[in-house]
Amino acid sequence: MCFARFLCGRTMRRLAAAALMAAFAAGLAACAPTRITGMGTDAGESGSVLGARVARTAVTQIGKPYRSGGASPAKGFDCSGLIYWAFAQNGISVPRITTDQAHTGTDVPRHRLQPGDIVVFRAPSGPNGLHTGIYTGQGKFVHSPNRKASVRQDNLDEPHWAKTYKAARRPVSLQAGR
């Protein structure tokens with residue numbers, strides 16, 4: 001009888017130790033860096049993560065002045081210059097001109113927007129009749145609106161932006177499978 005208890009106790013201790021080791025290994029695996037492949041950059045970063053980085057980079061410029069032809073924090077930004085700069089800071093080349101940005105990458109339906117997507121608006125008074133910004137998530141985008149305003153974040157559902165919304169584009173570097 002004592003021998004049976006010894007075996008049962010020993011077996012139970014081994015099972016408990018094995019379960020503890022499995023839980024520890026699972027915890028270590030959860031802490032290990034993961035590499036997402038087949039998307040984004042050569043470093044293995046997913047398009048959605050990279051897009052979020054681009055959006056965060058653009059958000060850091062909120063409050064910088066508008067400047068026609070501007071594409072740097074030191075000089076200020078026009079709408080396409082902000083996009084050009086934010087993508088470049090993350091190692092992504094996009095066109096510098098609004099009309100080219102409005103055609104880069106692939107079309108994205110509004111209900112599928114992801115941070116980092118370029119949002120395009122009709123702007124009859126602006127050069128080339130277009131205005132661009134970077135989608136930041138939760139229905140918002142960051143842009144450099146005009147000479148009377150600095151870089152700011154607005155909501156796509158605000159009446160002016162909802163009325164003038166034209167399209168959204170996802171640069172090739174942010175697309176899955178690239």
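A salt bridge here is a side-chain nitrogen of Lys or Arg within 4 Å of a carboxyl oxygen of Asp or Glu. Going by that cut-off, a search of the whole structure, which is a predicted model, turns up 5 salt bridges. Side chains of opposite charge can pair when their charged atoms come close.

Here are three of the pairs, with the closest N and O atoms in each case.

| Salt bridge | Closest N–O distance |
|---|---|
| Asp107 with Arg169 | 3.9 Å |
| Arg110 with Asp157 | 2.9 Å |
| Arg152 with Asp154 | 2.7 Å |

Take Asp107 and Arg169, whose closest N and O atoms are 3.9 Å apart. Asp107 sits in strand 3 (residues 106-107) and Arg169 in strand 8 (residues 165-170), so this bridge ties together parts that are 62 residues apart in sequence. Arg169 is buried, at a relative accessible area of 14%.

Arg110 and Asp157 also form a salt bridge, at 2.9 Å. This pair links distant parts of the chain, 47 residues apart: Arg110 belongs to the loop between strand 3 and strand 4 (118-122), and Asp157 to the loop between strand 7 (152-155) and helix 5 (159-164). Arg110 is partly exposed at 32%, while Asp157 counts as exposed at 57%.

That loop between strand 3 and strand 4 also holds Val108, which counts as buried at 4% relative accessibility. Val108 and Ala168 are 60 residues apart in sequence, yet their C-alpha atoms are 5.3 Å apart in space. Leaving out residues up to four places away in sequence, Val108 touches Leu113, Asp117, Tyr165, Ala168, Arg169 and Arg170. Arg169 is the salt-bridge partner of Asp107.

Now for Arg152 and Asp154. Arg152 is partly exposed, at 33% relative accessibility, but Asp154 is buried at 9%. Which side chain makes a polar contact with the side chain of Asp154? The side chain of His143 does, at 2.7 Å. Asp154 therefore has a salt bridge to Arg152 and a polar contact to His143, and has a relative accessible area of 9%.

His143 itself is in strand 6 (residues 140-143) and is buried, with a relative accessible area of 0%. Beyond residues up to four places away in sequence, its contacts include Leu82, His131, Ser150, Arg152, Asp154 and Trp161.

Next, the sheet. It is an open one of 6 strands in the order 3-8-4-5-6-7, with antiparallel pairing. The edges are strand 3 and strand 7, each of which pairs on one side only. Strands of a sheet pair through backbone hydrogen bonds, either parallel or antiparallel.

Strand 5 (residues 130-137) pairs with strand 6 in the antiparallel sense over 3 bridges, and Ile134 stands opposite Val142 in strand 6. The hairpin of these two strands has 2 residues between them, and Gln138 takes a positive phi near 55° there. On the other side of the story, strand 6 and strand 7 pair in the antiparallel sense over 4 bridges. In strand 7, the bridge partner of Val142 is Gln153.

So what does Val142 touch, leaving aside neighbours within four places in sequence? Val142 is in contact with Ala58, Val59, Ile62, Leu82, Gly133, Ile134, Thr136, Val151, Arg152 and Gln153.Then there is the nonpolar interior. In soluble globular proteins, nonpolar side chains tend to be buried together. The largest nonpolar core has 20 residues, and those with the most contacts inside it are Val54, Ile83, Ala86, Phe87, Ile92, Ile134 and Val142. Helix 2 (47-59), helix 3, strand 4 and strand 5 each supply at least two of its residues. The largest share of this core, 5 residues, comes from helix 3. A second, separate core of 10 residues includes Val119, Phe121, Trp161 and Tyr165. Trp161 is also among the contacts of His143, and Tyr165 is one of those of Val108.

Helix 3 is mostly covered, with 8 of its 10 residues buried. The buried ones are Cys79, Ser80, Gly81, Leu82, Ile83, Trp85, Ala86 and Phe87. Of these, Leu82 is touched by His143 and is in contact with Val142.

Conventions
Residues are numbered from 1 along each chain as its sequence is written. This is a predicted model: local features need pLDDT of at least 70, side-chain atom pairs count only at pLDDT 80 or more; totals for chains, interfaces and linings use all residues. Side-chain values use heavy atoms; hydrogens and water are left out. Buried means under 20% relative accessible area, exposed over 50%, partly exposed in between (1.4 Å probe, protein chains only). A polar contact is a pair of N or O atoms within 3.5 Å; within protein, one must be able to donate a hydrogen and the other to accept it, and residues adjacent in sequence count only if both atoms are side-chain atoms. Contact means heavy atoms within 4.5 Å. Two strands pair if DSSP finds at least two bridges between them. A nonpolar core is a set of buried Ala, Val, Leu, Ile, Met, Phe, Trp, Tyr and Cys residues joined through side-chain atoms within 4.5 Å.
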